[in-house]
Amino acid sequence: MFAIGLANYDFNWGSRTWNKTNFPYTHPSNVTHTSNRFIVGGSENWHYGFNYMDWARNNTPFFVNDTLVFKYDPPNANGTGFPHSVYLFSNYWSFIKCDFRKAKRIADPSEGAGEGFEFVLKKMQTYYFGCGEHKGIHCKTGNMKFAVMPLKHWRF
């Protein structure tokens with residue numbers, strides 16, 4: 001039944017009628033997509049106490065070749081403050097447990113200053129990010145971690 005509705009481009013699903021122009025996750029054929037840049041956390045940047053999972057959810061969809069920009073304050077010269085970093089987890093379970101043993105450090109505490117550290121989503125795969133400073137406590141408390149899965153642009 002669902003396939004027949006798609007073939008005809010008009011079908012009812014609940015209170016909504018879907019057709020060729022308003023079916024979810026399709027793009028008009030004349031649209032060309034350029035890569036987007038997302039500052040992780042928006043105006044909040046990358047810091048402790050912000051829900052980055054909500055940020056990622058509210059900014060989807062992400063696409064292959066989009067860039068994530070991590071901006072954060074570098075460590076203070078006098079040793080005070082809370083440095084941050086960016087790690088890329090190798091798998092879901094490492095991400096959930098904030099287990100940094102197999103994670104790759106992709107940005108040091110000093111790399112978030114100025115224009116920030118940029119990470120390009122090069123493949124259609126799930127990327128798991130977290131802050132590994134302070135023995136991973138920022139990640140382990142549920143802050144400073146998130147996951148994204150970029151989509152490919154479909155050509156019509």
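**Sheets, salt bridges and a surface patch in a predicted model**

Among contacts in the chain between residues at least 6 apart in sequence, 67% join residues at least 24 apart. That figure, like everything below, comes from a predicted model. The chain has 156 residues, and 35% of these count as buried. Its accessible surface comes to about 10100 Å², with 53% of that belonging to carbon and sulfur atoms. As for secondary structure, the chain holds 4 helices and 9 strands. Read from the N terminus on, the elements run α-β-β-β-α-β-β-α-β-β-β-α-β.

Two of the sheets are worth a walk-through. To start with, 3 strands make an open sheet in the order β3-β4-β7, and the pairing here is mixed. The edges belong to β3 (37-39) and β7 (117-120); each has a single partner strand, so one side of each goes without a neighbour in the sheet. On average, and with direction ignored, neighbouring strands of this sheet are turned by 25° against each other. Between β4 and β7 the pairing is antiparallel and runs over 4 bridges. For a concrete pair, take Val 69, whose bridge partner in β7 is Glu 118.

Thr 67 gives a handy view of this sheet from the inside. The residue sits in strand β4, which covers residues 67-70. With a relative accessible area of 10%, Thr 67 is buried, because the cut-off for that label is under 20%. Once neighbours within four places in sequence are left aside, the contacts of Thr 67 are Asn 36, Arg 37, Phe 38, Glu 118, Phe 119 and Val 120. Of these, Arg 37 and Phe 38 fall within the range of β3 (37-39), while Glu 118, Phe 119 and Val 120 fall within that of β7 (117-120). In other words, Thr 67 in β4 touches residues of both edge strands of the sheet.

The other sheet is open too, with 4 strands in the order β6-β5-β8-β9 and antiparallel pairing. Here the edge strands are β6 and β9 (145-148), each pairing on one side only. Neighbouring strands of this sheet are turned by 30° against each other on average, again with direction ignored. Strand β5 (residues 86-89) pairs with β6 in the antiparallel sense over 3 bridges. Within that pairing, Leu 88 stands opposite Lys 104 in β6.

Edge strand β6 also takes part in the charge pairing. The structure holds 5 salt bridges, and Arg 105 is involved in more than one of them. One partner is Asp 108, with the closest N and O atoms 3.1 Å apart. The other is Glu 133, whose side chain meets that of Arg 105 at 3.0 Å, N to O. This second pair links distant parts of the chain: Arg 105 lies in strand β6 (residues 104-107), Glu 133 in the loop between β8 (127-130) and α4 (137-140), and the two are 28 residues apart. Put together, Arg 105, Asp 108 and Glu 133 are linked in a network of salt bridges.

How exposed are the members of this network? Arg 105 is partly exposed, with a relative accessible area of 36%. Asp 108 counts as partly exposed as well, at 34% relative accessibility. Glu 133, on the other hand, is buried, with a relative accessible area of 14%.

Another of the salt bridges joins the side chains of Asp 99 and Arg 101, at 2.6 Å from N to O. Here Asp 99 counts as partly exposed at 21% relative accessibility; since buried means under 20%, Asp 99 does not get that label. Its partner Arg 101 counts as exposed, at 73%.

Finally, the surface carries a nonpolar patch of about 340 Å², made by Tyr 92, Trp 93 and Ile 96. Ile 96 has its place in helix α3, which spans residues 92-97, and that range takes in Tyr 92 and Trp 93 as well. At 37% relative accessibility, Ile 96 counts as partly exposed.

Methods: Residues numbered from 1 in each chain as written. Predicted model: local features only at pLDDT ≥ 70, side-chain atom pairs only at ≥ 80, totals over all residues. Heavy atoms only, no water. Buried < 20%, exposed > 50% of the residue type's maximum accessible area, 1.4 Å probe, protein only. Contact = heavy atoms within 4.5 Å. Pairing = 2+ DSSP bridges. Axes fitted to C-alpha atoms, helices over the stretch in contact; angles between N-to-C directions. Areas by Shrake-Rupley, 256 points an atom, 1.4 Å probe, with all protein chains shown as cover. Patch = residues over 30% accessible without salt bridge, like charges linked within 9 Å, V, L, I, M, F, W, Y side chains within 5 Å. Salt bridge = Lys/Arg side-chain N within 4 Å of Asp/Glu carboxyl O.
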